Amino acid sequence: MKKTAFKKVYQILWEKYGECACPLIHHSPFQLLAAVMLSAQCRDDRVNMVTPELFRRWPTPAEMALADPEEVAQVIRTLGLFAAKSRNLVACARVLVQDFGGEVPQTMADLTTLPGIGRKSANVVLGNAFGLPGFPVDTHVNRVLNRLGLVQESSPEKIERIVNEATDPAIWSNFSHLLILHGRDICHARKPECEVCPLAMLCRMNKKY
Ligand code: SF4
């Protein structure tokens, strides 16, 4: 039952939005990793405003590993938590150089050893940099799946596990993008637009149906 419900939701959202590209501008796995790190509690468009200069000055882990965190902080100072993020960026680059030959690793276990990288960020990198299965659970994904009644969990890890068990790994990355788009576009946190929602017939929160 649950697998069928997930499949239907995916199909409907796919018909509306299709295959989605990662909105964070990047030209390598390292640059995506860095952009994801910067996007914590910050909108993607704000991140995209600072990363061209960041990546012009420190495009690779080897270069970022040698950067002064204070200088990095100056470049990303318009973002929230910029001081901690700049420290993490440089520390992360140093670990990549020391432990991973200057490359971004391709497993959840390795990615989550990096400073500033949790499961959500690791899943973004797996799915968007490497085309590997990864289902990032952010606040939109959490809210939409709970409203639909497909999960009744607040823990991102538990939600990720439920989705992993109920869906094909090939769709995980795009499914997360679709739910984020739907959450931003229609299923807003405060006032969801249920009257124009293509998922309304399936939604537990939409009491009219
Ligand atoms: S019907 Fe309303 S609450 Fe349900 S998914 Fe659509 S917008 Fe969100």
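**Two domains in an all-helical chain**

The protein chain splits into two domains: domain 1 takes in residues 2-20 together with 135-202, and domain 2 covers 29-129. The model is a predicted one, and what follows reads its geometry from the overall fold down to single residues. Between the C-alpha centres of domain 1 and domain 2 there is a distance of 27 Å.

As for secondary structure, the protein chain has 11 helices and 0 strands. The pattern along the sequence is accordingly easy to write down: α-α-α-α-α-α-α-α-α-α-α. Taken along the principal axes, the C-alpha atoms occupy a box of roughly 60 × 30 × 25 Å. The radius of gyration of the protein chain is 18 Å, which agrees with the value near 17 Å that a compact globule of 209 residues would have. Some 36% of the 209 residues count as buried. Looking at contacts between residues at least 6 apart in sequence, 60% of them join residues at least 24 apart.

Where the two domains meet, 9 residues of domain 1 are in contact with 6 residues of domain 2. On the domain 1 side, α10 (156-166) and α11 (172-185) each put in at least two residues. With 3 residues, α10 has the largest share of that side. By residue class, the side of domain 1 that touches domain 2 comes out as 5 nonpolar, 1 polar and 3 charged.

Now for the interior. The largest nonpolar core holds 31 residues, and the members touching the most other members are L33, M37, L89 and V125. Several helices feed into this core: α2 (29-38), α3 (44-57), α5 (69-75), α6 (82-100) and α8 (119-129) each supply at least two of its residues. Of these contributions, the largest share comes from α2, with 8 residues. Apart from this core sits another one, made of 20 residues and including F6, V144, V151 and W172.

Helix α2 deserves a closer look. Because 9 of its 10 residues are buried, α2 is largely enclosed by the rest of the structure. The buried set consists of F30, Q31, L32, L33, A34, A35, V36, M37 and L38. These buried residues pack against α3, α4 (61-65), α6 and α8. M37 gives an idea of the local surroundings: setting aside neighbours within four places in sequence, M37 is in contact with K85, N88, L89, C92, G116, I117 and S121. L89, one of those contacts, is itself listed with M37 among the core residues that touch the most other members.

Two loop residues stand out for their backbone angles. Q41, found in the loop between α2 and α3, has a phi near 50 degrees, a positive value in a residue other than glycine. Q41 counts as exposed because it has 9 C-beta neighbours inside 10 Å, and the limit for that class is 12 or fewer. Further along, in the loop between α5 and α6, L81 also has a positive phi, near 60 degrees, and is likewise a residue other than glycine. L81 has 13 C-beta neighbours inside 10 Å and therefore counts as partly exposed.

The ligand is surrounded by 14 residues, of which C187, P192, C194, C197 and C203 come nearest. Sorted by class, the shell around the ligand has 11 nonpolar residues, 1 polar and 2 charged.

A last stop is N146, which lies in helix α9 (residues 139-148). N146 counts as partly exposed because 16 C-beta neighbours fall inside 10 Å. Leaving out residues up to four places away in sequence, N146 touches V151 and Q152. V151 is also one of the members of the 20-residue core. The C-alpha atoms of N146 and D168 are 20 Å apart, with these positions 22 residues apart along the chain counted as their separation.

Methods:
Residues numbered from 1 in each chain as written. Predicted model: local features only at pLDDT ≥ 70, side-chain atom pairs only at ≥ 80, totals over all residues. Core = buried A, V, L, I, M, F, W, Y, C linked by C-beta atoms within 7 Å. Helix = DSSP H or I, 4+ residues; strand = E, 2+ residues; numbered from the N terminus. Contact = placed C-beta atoms within 7 Å. Near = placed C-beta within 6 Å. Nonpolar A, V, L, I, M, F, W, Y, C, P; charged D, E, K, R; others polar. Domains from an automatic or database assignment. Rg over C-alpha atoms; globule rule 2.2 N^0.38 Å.
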